Amino acid sequence: MEPPAPQRRVTIVDVARHAQVSTTAVSKVLRNAYGASPEMRAKVRRAIDELGYRPHAGARGLRGQTYTIGVMLPDIRNPFFPEILDGITGRLADTDYQVFLGPGCNGEKEEARVTEAMIDRGMDGLILIAPISPRAHLERIASAVPTVVVGRHGHSPVYDAVTDDDVAGAFLIVRHLADLGHRRIAHIEHHETDPTRMAEMPNAQRADGYRQAMRSLGLTDEIDIVSTSYTQQGGYEGAKELLTRPRRPTAVFAGADIVAMGVLEAFTEAGLSVPDDISVAGYDNTTFAAFGPISLTSVDQAGHEIGSNATRILLDRIADRQKKSVQVKLSPTLVPRRTTTPPPE
C-alpha cells in the first residue's frame with residue numbers, strides 16, 4: 001500500500017480566491033498594513049481560518065521579518081526562568097511572534113553557538129537571560145539583531161537591559177534575618193573570577209549586597225561567604241561546608257531558590273530542623289519557594305514583570321533600531337515564610 005501523497009500547502013493565492021479578493025489585499029491584512037477596510041480584513045481572516053493557512057516563515061524572512069524571537073536560557077533546570085518566560089509569552093500573546101528557546105548551558109562557547117544559530121535563522125530579536133559572555137560579544141550580537149539582556153547589570157549603548165535591584169534584594173534578606181535576632185548569617189554565592197562579570201552578574205551583586213548589609217548592621221565580623229555555584233548541588237556543597245565551621249551559622253542566605261533546595265537537602269541529611277535549628281532564605285520566589293511543605297522565605301524579583309518588560313523593550317527596538325538604549329531596574333520585595341524564625345536560644 002502506497003503512503004498517501006503529502007497534502008499541498010495552502011498559499012496566499014488560495015486565500016485570495018477563497019475570499020474573492022486580490023493577493024495584494026491578503027498581503028495587506030497579513031502585514032496589518034494601511035489600506036485594508038474592516039470588511040476586507042474580516043473576509044480575509046475568515047478565509048485564513050477556513051483554509052488553515054499559515055504564512056511561510058522562509059518567505060517572511062525574505063521580506064525582512066520572520067516574527068520569531070529567540071530566548072537564551074542559561075539553565076533550564078532553574079525554576080526561576082519559567083517565570084521570565086511566562087512574562088515573555090504573555091506580552092506576545094496578541095502578536096504574530098513565536099518564541100524559540102535555546103540553552104546557553106552557562107558557558108561562553110555554548111552561548112555563542114546558540115546566539116549565532118538564532119541570528120543565522122533570521123530571528124527578529126533576541127532576549128538573553130543572564131548571559132556570561134564578554135560584553136564585546138554581547139555588543140556584536142546586538143549590532144546584528146535587536147537584543148535585550150536580562151539579569152546583567154551595566155550600561156551598553158548597543159543593547160537594552162532589564163535587571164532586578166539585586167543589592168537591594170540582598171539587603172532585604174539580611175535585614176529580615178537580623179531583625180529576627182540573627183547575627184551569624186552566612187551567604188552562599190556563585191563562584192566568579194571574571195572582573196566584568198563580578199561587576200555585572202546578579203550573583204556578584206547579591207554577594208556584594210550581603211556584605212554591605214552586614215557591615216551596615218554592625219555585623220562585619222560575622223561575614224561568612226561560601227563560593228560554590230547557583231545550582232542545587234552547589235547549595236548542597238555550600239551547606240556541608242558551613243556545617244564544618246567551629247561556630248555554625250544560625251541563618252543561611254542562599255543566593256537563589258535553587259541553591260536553597262540543596263541547602264535544605266544537606267541540613268535534613270545532617271539531622272537539622274529548619275527553622276528550629278537553623279533558618280534558610282532564598283532568592284527568586286519561585287513556585288518551589290511557595291510550595292506549602294517547603295514555605296521558603298525568599299525575595300520576589302517579579303520574574304513575570306522582568307520578562308514582560310524585556311519583551312516590550314525588544315518590540316520597541318525591532319520597530320526602531322536607532323532609539324537610545326534602555327535600562328530598566330525593578331525593585332524586589334521580601335516574601336517571609338516559615339523557613340526563617342528567631343535563632344534558637
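User: How many bridges pair strand 8 with strand 9?
Analyst: This is a predicted model, where local features need pLDDT of at least 70, side-chain atom pairs count only at pLDDT 80 or more, and totals for chains, interfaces and linings use all residues. Residues are numbered from 1 along each chain as its sequence is written, and side-chain values use heavy atoms, without hydrogens or water. Helices (H or I, at least four residues) and strands (E, at least two) are DSSP runs numbered from the N terminus, and strands pair if DSSP finds at least two bridges between them. Strand 8 (residues 251–254) and strand 9 pair in the parallel sense, and the number of bridges is 3.

User: Which residue of strand 9 is the bridge partner of V252?
Analyst: Let's zoom in on this strand pair. Strand 8, which covers residues 251–254, pairs with strand 9. Opposite V252, the partner in strand 9 is V280.

User: Which strands stand at the edges of the sheet with the order 7-6-8-9?
Analyst: This open sheet has 4 strands and parallel pairing. An edge strand has a single partner strand, so one side of it is left without a neighbour in the sheet. The two that fit are strand 7 and strand 9 (279–281).

User: Which residue of strand 7 stands opposite I188?
Analyst: Strand 6 (residues 185–190) runs parallel to strand 7, and 5 bridges join them. Across from I188 you will find V226.

User: Which residues make up the uncovered face of strand 7?
Analyst: In a regular strand the side chains alternate between the two faces of the sheet. Strand 7 spans residues 224–228, and D224, V226 and T228 are on its covered face. That leaves, on the uncovered face, I225 and S227.

User: Which strands does helix 10 touch as it packs on the sheet?
Analyst: Contact here means heavy atoms within 4.5 Å. Helix 12 (residues 257–269) lies across strand 6, strand 8 and strand 9. Helix 10 (residues 202–216) also packs on the sheet, and the strands touched are strand 6, strand 7 and strand 8.

User: What are the edge strands of the sheet with 6 strands?
Analyst: This second open sheet has the order 2-1-3-4-5-11, again with parallel pairing. Each edge strand pairs on one side only, and the pair is strand 2 (98–103) and strand 11 (327–330).

User: Which residue of strand 4 stands opposite L126?
Analyst: Strand 3 (residues 125–129) and strand 4 (residues 147–150) run parallel and are joined by 4 bridges. At L126, the facing residue is T147.

User: Is H176 buried or exposed?
Analyst: H176 sits in helix 8 (residues 166–179). Apart from residues up to four places away in sequence, H176 touches T297, L334, P336 and T340. Buried means under 20% relative accessible area, exposed over 50%, and partly exposed in between (1.4 Å probe, protein chains only). With a relative accessible area of 14%, H176 is therefore buried.

User: How is P343 classed by its relative accessibility?
Analyst: P343 belongs to the segment after strand 12 (333–335). Setting aside neighbours within four places in sequence, its contacts are L180, G181, H182 and T250. Its relative accessibility is 22%, so P343 counts as partly exposed.

User: What separates the C-alpha atoms of P343 and V44?
Analyst: Try finding both residues in the structure. Along the chain, P343 and V44 are 299 residues apart. In space, their C-alpha atoms are separated by 68 Å.

Note on methods:
Axes are lines fitted to C-alpha atoms, for helices over the stretch in contact, and angles run from 0 to 180 degrees between N-to-C directions.
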